[in-house]
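Please work through the following exercises on strand pairing, burial, a chain interface and salt bridges. Each task is followed by a solution in steps.

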Amino acid sequence: MDATKKPLRIPPQFGVYAEKHNLFEMFRKLIEDLLIHKPGDPLEFLQEQLKRDDNDVPAIIIHGPTASGKTTISKMVCSSLRTAYISADNLLADDVSATAAEAKKHLQNNQPIPTDLWVKMIQARLQLYDCVKKGWVLDGFPETREQALALQAVGITAKHYVVLEAPDTVLIERQMGKRIDPQTKEIYHTTFDFPTNPDVESRLVEPPEGCSETSTGERLMKWHRFSKGLERCYEKYSKFVNADQPKADIFAQVLTFLKSKPRSLAPHTPRVILLGPTGSGKGVQAALLASKYNLVNVSSGQLVKEAVANESKMGEAMKPYVERGMLVPDNQMVKLLDERLSQVDCTSRGWVLRGFPRTREQAENLSSCGHEANRVFFLDVPNDSVYERLTLRSLDVVTGQRYHSLYNPPRTVEIKDRGLQQPKDAEEEVRQRLSAFYAYAEEIADFCEDAQHVNADQDPHTVFECIESMLVNPTPKKLDLDE
Amino acid sequence: MDVPRASESKDYLQQHKIMELFDNLTAQLVFNRPDNPKEFMANYIQTLKESRTANMNFPCIFDETNIGSVFGMLDPTKKGFITFAQYKEAMVTMGCVGYDTSPPGAEQDCISQDTFTREVKDSLSRASATFQPQ
């Protein structure tokens, strides 16, 4: 039991396991719930929490000044995510609940509804089956920081907070043209969104809150007074969307945000696979990632060469294939990688792999060895650029300097004349490698569902930034809609 | 630094031994790696609740044969005794809580298997009883 001779390590497979099942976040959520509710019997409480099937339901607040279109967007989000829609109006419209009746009494006496009453109403609503099961969208509530804090104190907090923003003048103009169909409660606009049906047109009335400039101004003042305080409550997961755009554009932006997951504090060892045709910059990106994030740079070709040079048992077995310029058989390759990726530096620091897998079968074999990547990137680059990048390269045989006739042309004609091309860069060779990649690209993409595509036809550092952002942020959630 | 709510929360965690509970849960998960960790954890808490009522059979990853083999490792020549230093080290390694720091035989530097087994069992069940003492 001498820890220096045989270090007591947590098995590396557990890291993969914990990540797969999101254990860190689960534990965090459980302890958070315990601390918020402080139940007398934590065991009973934890068991209840664990027996709930799914905690990963949407919890969204959509907010914004008057006439910013928050109700429209909320309803669109609700119908596409199939979540419950909650607004102050439909909470008050509840005839059964005693709290709603009490709140209405306050309204009739022209008094504001006290915060604790609001909290009670929302708490009761969120405990209903549809909210628990499918999630909820809260439209335009909480209105003040006080209400937001009160909600947080009882453990109600959103996972996403969306604010629709627009200049005041735009909002006032919008409000002035706002019309409501009293039968369907649909909202129309006299200039931007006029009903096509003449029956509806004849029914339109002005909204109950009035559309004069002064009343809108008053409500905008109220919004500006409280919005900063609200932002502070939700700053970690908020998103500001410009509301002065077409409805579909706003909705698309909101949806992209709702797909993103909040950053987690869970320990994260990046295990990256870079896939892409020859000349897409896999090597460059891998080197950049490895140096910035201290990852182990694993290249399948390099590994084979190392094994052969070391004259290891495995290297000897691979030697005949390498000498004939054939691909090493899958089972040997997977074994070689398994050996490399199981070493301590790879399991503790993470790795970035390139040049492998080339086929779906290889990808399957690799993940069945327990080396599952948590990020897969496809470097997309058109064939023309690949030819341009590779076939124009030349090497000065005298100085060993490398040139590229477009990006880094030789300075004199003399140097240009003695430049030689690597046989691997010949157009025919490149074409073969490209077609070898594209033959299997689709089936690998099929296997790696979480793969993310990067446009690699840009400056290397732009591509790197793009990859970085995808590496650091959690992979976006797949929302089961998008049809 | 210590706002009242923070210290209140810390007290709560300590009083109900929440952190110890989660440590044990993690140990169980590392060891078993079940396909459905949620269900597994719920079952673990169920057994813990039952043992709380019965005040025995606390869930623990070590059982009696494990304790026996640990002793066997420390006493490869089968003398039937281990030294006090070995005893202490074994207790720490197995994650025992509040074990007897002067067990019978400590002065002679030889601790018998019976003492060892009893101490480990007692302190392991103390470590597994992660709830507020009744």
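The exercises below concern the predicted model shown above.

The model is predicted, and local features need pLDDT of at least 70, side-chain atom pairs count only at pLDDT 80 or more, and totals for chains, interfaces and linings use all residues. Residues are numbered from 1 along each chain as its sequence is written, chains are lettered from A and ligands numbered from 1 in the order in which they are written, and side-chain values use heavy atoms, with hydrogens and water left out.

**Exercise 1. Determine the strand order of the open sheet that contains β12 of chain A, and state which strands stand at its edges.**

Step 1. Helices (H or I, at least four residues) and strands (E, at least two) are DSSP runs, numbered from the N terminus. Two strands pair if DSSP finds at least two bridges between them.

Step 2. The open sheet has three strands in the order β13-β12-β14 (chain A), paired antiparallel. β13 (402-404) and β14 (419-420) of chain A each have a single partner strand and therefore stand at the edges, with one side lacking a neighbour in the sheet.

Step 3. β12 (residues 393-396) and β14 of chain A are antiparallel and share two bridges. A:L395 has A:L420 of β14(A) as its bridge partner.

**Exercise 2. Describe the burial of β1 of chain A and identify its partner strands.**

Step 1. Buried means under 20% relative accessible area, exposed over 50%, and partly exposed in between (1.4 Å probe, protein chains only). In β1(A) (residues 59-63), five of five residues are buried.

Step 2. In a regular strand the side chains alternate between the two faces of the sheet. From β1(A), A:A59, A:I61 and A:H63 point one way, while A:I60 and A:I62 point the other way.

Step 3. β1(A) runs parallel to β3 (residues 136-139) of chain A, joined by four bridges; here A:I60 is partnered by A:V137. Four bridges also join β1(A) in parallel to β4 (residues 160-165) of chain A, where A:H63 lies opposite A:V163.

**Exercise 3. Characterise the interface between chain B and chain A.**

Step 1. With contact defined as heavy atoms within 4.5 Å, 30 residues of chain B touch 27 residues of chain A.

Step 2. Buried area is the accessible area (1.4 Å probe) that two parts lose on being put together, summed over both. The two chains bury about 2800 Å², 72% of it on carbon and sulfur atoms. B:Y12, B:R33 and B:K38 supply 24% of the area that chain B buries against chain A, more than any other three residues.

Step 3. A salt bridge is a side-chain nitrogen of Lys or Arg within 4 Å of a carboxyl oxygen of Asp or Glu. Three salt bridges link chain B and chain A, including B:R52 with A:D41 (3.0 Å, N to O).

Step 4. Of the elements on the side of chain B that touches chain A, α3(B) gives the most, with nine residues.

**Exercise 4. Locate the salt bridges of A:K38 and A:R418, and state how exposed their partners are.**

Step 1. A:K38 meets B:E8 at 3.6 Å, N to O. A:K38 lies in the loop between α2 (23-37) and α3 (42-51) of chain A and B:E8 in helix α1 of chain B, so the pair joins two chains. B:E8 is partly exposed at 44% relative accessibility, as is A:K38 at 22%.

Step 2. A:R418 meets A:D396 at 2.7 Å, N to O. The former is in helix α21 (residues 413-418) and the latter in strand β12 of chain A, 22 residues apart. A:D396 is buried, at 1% relative accessible area, whereas A:R418 is partly exposed, at 25%.
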